[in-house]
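Hi everyone, thanks for coming. Let me put the sequence and the structure up on the screen, and then we can walk through them together.

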Amino acid sequence: MSFEQTHRSQQQTLSRPALIAGHGLFHGIDVKVRLRPAEPGTGIVFRRVDLKDRPEVAAHVDNVRSAARRTVLASRSGAVVETVEHLMAALAGLQVDNCLVEIDAVEVPAVDGSSMPFCEAILAAGLTQQSTERSLLTVEESHGVNDRAGEQWIEVIPAYDENATIDYRLDYGPEAVITSQSFSVELTPEAFLRDIAAARTFVLEHEVAALQQMGFGRHLTGRDLVVFDADGSVIDNKLRWQDEPVRHKILDCIGDLALSGRVFVGRVVARRSGHKLNHVMAKSLSTIEECQVLLQRAS
Ligand SMILES: [Zn+2]
């Protein structure tokens, strides 16, 4: 896959630390996260302050460890951080390039199942432009990945606008409890806050039972996320938008693609893509970075 750099702007970090507390979505452990300002070029780095030597793990696709239904990061130094995607989406959606995320347990707080509480904390802390330019990446040709059955795919397409756009189609088939829905958004902080950040995690009722049997999410009720019953009704809760599920899939996609370590400019088109496929695309985008470094050295 080839690339070029087209747009430039300044990197950003938080103006002062921001604190978010809660319990993890899967493990239910009480946890505090402190988002701290970081130097230009740091990227997003997690630090486990509850462990000896406070090990760190960079929020990079190379550190992704396989896990069901969530994004888990693990480093050689022993730092494991789970369910990072909604916090990653908040940071990427608000265009925060550099942040040290201190966390005192294994899993990021679930908050309300969306990215909005993270966004509110970040905005309350304020953002500071840094002296270093942000490199924005765009591809020269389309590049896609899909699952073996061809039912899920994600593709990046060249576009020379100032921001990325994501077009997502959620389609689980004609018999599915969740009806097919599509959404398209240009990735500006304003659009992210308005249309995507508050979209919550959703799950089917029978999936909840299976997850709880595996020991996950035993603390959760229908108030903590969106649970659809077999008829497609939401249990003990109300949708924020009729198409909240597709908006949440875009939110996950933004968080997962941010693990490429690159700010992508262009069009992303996805159908039913989940964490696994998003990570494959993030890996592709991160590889472009390596090519770029090599080419810069050669020139
Ligand atoms: Zn999610």
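I'll start with the metal site, then turn to a helix, a cavity and a few single residues.

First, the ground rules. This is a predicted model, so local features need pLDDT of at least 70 and side-chain atom pairs count only at pLDDT 80 or more, while totals for chains, interfaces and linings use all residues. Residues are numbered from 1 along each chain as its sequence is written, and side-chain values use heavy atoms, with hydrogens and water left out.

So, which atoms coordinate the zinc ion? They are NE2 of His86, NE2 of His248 and two OD entries from Asp252, at 2.1 to 2.7 Å. A donor here is an N, O or S atom within 2.8 Å of the metal (3.2 Å for Na, K and Ca), and water is not among the atoms, so sites may look incomplete. Along the chain, the donors are spaced as H-x161-H-x3-D. His86 sits in helix 1 (residues 85-93) and Asp252 in helix 5 (residues 244-257), so this pair ties together parts that are 166 residues apart in sequence. When I say helix or strand, I mean DSSP runs numbered from the N terminus: H or I with at least four residues for helices, E with at least two for strands.

What about the geometry? The four donor atoms subtend angles of 53 to 148° around the zinc ion, which makes the arrangement irregular. As for the cut-offs, four donors are tetrahedral if all angles lie between 85 and 135 degrees; four are square planar and six octahedral if opposite donors are over 155 degrees apart and all others between 65 and 115; anything else is irregular. For reference, the ideal angle for four tetrahedral donors is 109.5 degrees.

Are these two ligands buried or exposed? His86 is buried at 8% relative accessibility, and Asp252 is buried at 8% as well. Buried means under 20% relative accessible area, exposed means over 50%, and partly exposed is in between, with a 1.4 Å probe and protein chains only.

Let's stay with helix 1. Eight of its nine residues are buried, so the helix is largely enclosed by the rest of the structure. Among them are Glu85, His86, Leu87 and Met88. Met88 is buried with a relative accessible area of 2%. Beyond its neighbours within four places in sequence, Met88 contacts Ile44, Phe46, Ala59, Gly255, Ala258 and Leu259, where contact means heavy atoms within 4.5 Å. The C-alpha atoms of Met88 and Ala258 are 6.9 Å apart, although these residues are 170 apart in sequence.

Just after the helix there is a backbone point for you. Gln95 follows helix 1 and lies in the loop that leads to strand 9 (99-103). Gln95 has a positive phi of about 60° although it is not a glycine. Most residues other than glycine have a negative phi. Gln95 is partly exposed, with a relative accessible area of 24%.

Asp236 is another case, with a positive phi of about 55°. Asp236 is in the loop between strand 16 and helix 5 and is partly exposed at 45% relative accessibility. One residue that touches Asp236 is Gly222, which is buried, with a relative accessible area of 13%.

Now the cavity. How many cavities of 30 Å³ or more are there? The count is one, and the largest cavity holds about 60 Å³. On a 1 Å grid over the protein atoms alone, a cavity is a set of points where a 1.4 Å probe fits but cannot get out, and lining residues have an atom within 4 Å of a point. The points are joined across faces, edges and corners, and the volume is the space filled by probe spheres set on them. The lining of the largest cavity includes His86, Glu107, Phe118 and Thr201. That lining divides into six nonpolar, five polar and one charged residue. Here Ala, Val, Leu, Ile, Met, Phe, Trp, Tyr, Cys and Pro are nonpolar, Asp, Glu, Lys and Arg are charged, and the others, Gly among them, are polar.

To finish, look at Ala230, in the loop between strand 16 (226-228) and helix 5. Ala230 is exposed, with a relative accessible area of 67%. Leaving aside neighbours within four places, Ala230 is in contact with Val177 and Glu205.

How values were computed: 1 Å grid on protein atoms, 1.4 Å probe; cavity = no way out; pocket = protein on both sides within 12 Å on 5 of 7 lines; lining within 4 Å.
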